[in-house]
Every structure is written in C-alpha cells, then in structure tokens.
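Here are some worked exercises to go through with the model open beside you. Try each task first, then follow the steps.

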Amino acid sequence: MLIKAEQKYIRTSPQKLREVVRGFKKLKDPQKIIEYLKFSDKRAAKPLAKTLATAIANAKSRGITQELVIHEFQIGEGPTMKRWRAASRGMAHKILKRTSHIRVILETKDEVLNAPKETEQKEEK
C-alpha cells in the first residue's frame, strides 16, 4: 500500500532541497532518514523531515503497522515570486524567490519483497 504526504509552497528553492535529498538517496528506512536530517546543517532539511514525519503519521492513522520503506521522494518547482531591487542609473535587478513542492511516497516492506524483480520479468518474455 502506498502512503503519500505532500507539502506545497515551501519557501526554499528546489535545487537546495534536491541537494539534501541526494545525501540520503541510498537509505530506504524512513526513521534513519529522519535521524540523518536531524543532524544535517542545511536549512532545507527541516521541511523534508517534516514531510517524512507526516507520511509516517499518515501510515499510523491508517492502521499500517508493517515496516515502511521509501518508494519515492519528489521535489517539484512551485511558483516563483518575482521582485526587483533598485540599481544604479535608474535600473532594476531581478530577484527570484523560488518555492518548492515536496511529495513523499512510502510503501510497506512486504510489497517491496513480493514485487517481481526486473530479471524475472525479462525471463518470462
């Protein structure tokens, strides 16, 4: 079963969030990822940890007690606020304040183990 959690309009650029996600790409256990994010010195780690904790809470509220693993971690671009700053000789410089959307999808460990492997699918064909 897939469990989803989403946070929208995070006032951090997607590039900064993706950099933090790259740090724990190999980890599959959500609790280990939260521990990793807790000790990360990046400001972008806090909304990622919050979204992951929300996904775990969603699973508990549905009554799922099996072990969970990360299925997908998506960082999307949100709307960009466009501002300007006065510059010399009557000019203006653009300031782009980027926002992000975070989506976390968890699945139960049983589904991962029971899913057919890619090599098994090729052998059947």
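**Exercise 1: Two unusual backbone angles**

R89 counts as exposed, at 76% relative accessibility; exposed means over 50% relative accessible area, buried under 20%, and partly exposed in between (1.4 Å probe, protein chains only). Before going on, note that this is a predicted model, where local features need pLDDT of at least 70 and side-chain atom pairs count only at pLDDT 80 or more, while totals for chains, interfaces and linings use all residues. Residues are numbered from 1 along each chain as its sequence is written, and side-chain values use heavy atoms, with hydrogens and water left out.

Task: find where R89 sits, and work out what phi it has.

Solution.
- Step 1: Look in the loop between strand 3 (81-86) and strand 4, and there is R89. Helices (H or I, at least four residues) and strands (E, at least two) are DSSP runs, numbered from the N terminus.
- Step 2: Check the backbone: phi of R89 is near 60°, a positive value in a residue other than glycine.
- Step 3: Now try Y9, which isn't a glycine either and has a positive phi of about 60°.
- Step 4: Place Y9 in strand 1, and mark it as exposed, at 54% relative accessibility.

**Exercise 2: The overall layout**

Task: list the helices and strands in chain order, then say how much of the chain is buried.

Solution.
- Step 1: Count the elements: the protein chain has five helices and five strands.
- Step 2: Walk along from the N terminus and you get β-α-α-α-β-β-β-β-α-α.
- Step 3: Turn to burial: 33% of the 125 residues count as buried.
- Step 4: Look at the surface, whose accessible area is about 9,200 Å², with 49% of that belonging to carbon and sulfur atoms. Such areas come from the Shrake-Rupley method with a 1.4 Å probe, and for residues only the protein chains shown count as cover.
- Step 5: Take the contacts (heavy atoms within 4.5 Å). Of those with a separation of 6 or more, 74% are between residues 24 or more positions apart.

**Exercise 3: Pairs of opposite charge**

Task: track down salt bridges and say which parts of the chain they join.

Solution.
- Step 1: Start with the idea: side chains of opposite charge can pair when their charged atoms come close.
- Step 2: Apply the rule, a side-chain nitrogen of Lys or Arg within 4 Å of a carboxyl oxygen of Asp or Glu. That gives four salt bridges.
- Step 3: Take R103 and E6, whose closest N and O atoms are 3.2 Å apart. R103 lies in strand 5 (residues 100-108) and E6 in strand 1 (residues 2-10), so this pair ties together parts that are 97 residues apart in sequence. R103 is partly exposed at 31%, and E6 is partly exposed at 41%.
- Step 4: Move on to E67 and K109, which form a salt bridge with closest N and O atoms 3.4 Å apart. E67 is in the loop between helix 3 and strand 2 (68-77) and K109 is in helix 4 (residues 109-114), so the pair links parts 42 residues apart in sequence. E67 is partly exposed at 47%, as is K109 at 33%.
- Step 5: Finish with K38 and E35, whose side chains meet in a salt bridge (3.4 Å, N to O). They are three residues apart in helix 2, so about one helical turn separates them. K38 is exposed at 55%, while E35 is partly exposed at 38%.

**Exercise 4: The largest pocket**

Task: describe the largest pocket by its volume, its lining and the elements behind that lining.

Solution.
- Step 1: Recall the approach: rolling a probe the size of a water molecule over the atoms shows where empty space is left.
- Step 2: Set the terms. On a 1 Å grid over the protein atoms alone, a pocket is an open set of points where a 1.4 Å probe fits, with protein on both sides within 12 Å along at least five of seven lines; lining residues have an atom within 4 Å of a point.
- Step 3: Read off the volume, about 220 Å³, which is the space filled by probe spheres set on the points, with grid points joined across faces, edges and corners.
- Step 4: Find the lining, which includes R11, K16, E19, K42 and R98.
- Step 5: Trace the elements: helix 1 (14-23) and strand 4 (92-97) each supply at least two lining residues, and helix 1 gives the most, with three.
- Step 6: Sort the lining into three nonpolar, two polar and seven charged residues. Here Ala, Val, Leu, Ile, Met, Phe, Trp, Tyr, Cys and Pro count as nonpolar, Asp, Glu, Lys and Arg as charged, and the others, Gly among them, as polar.
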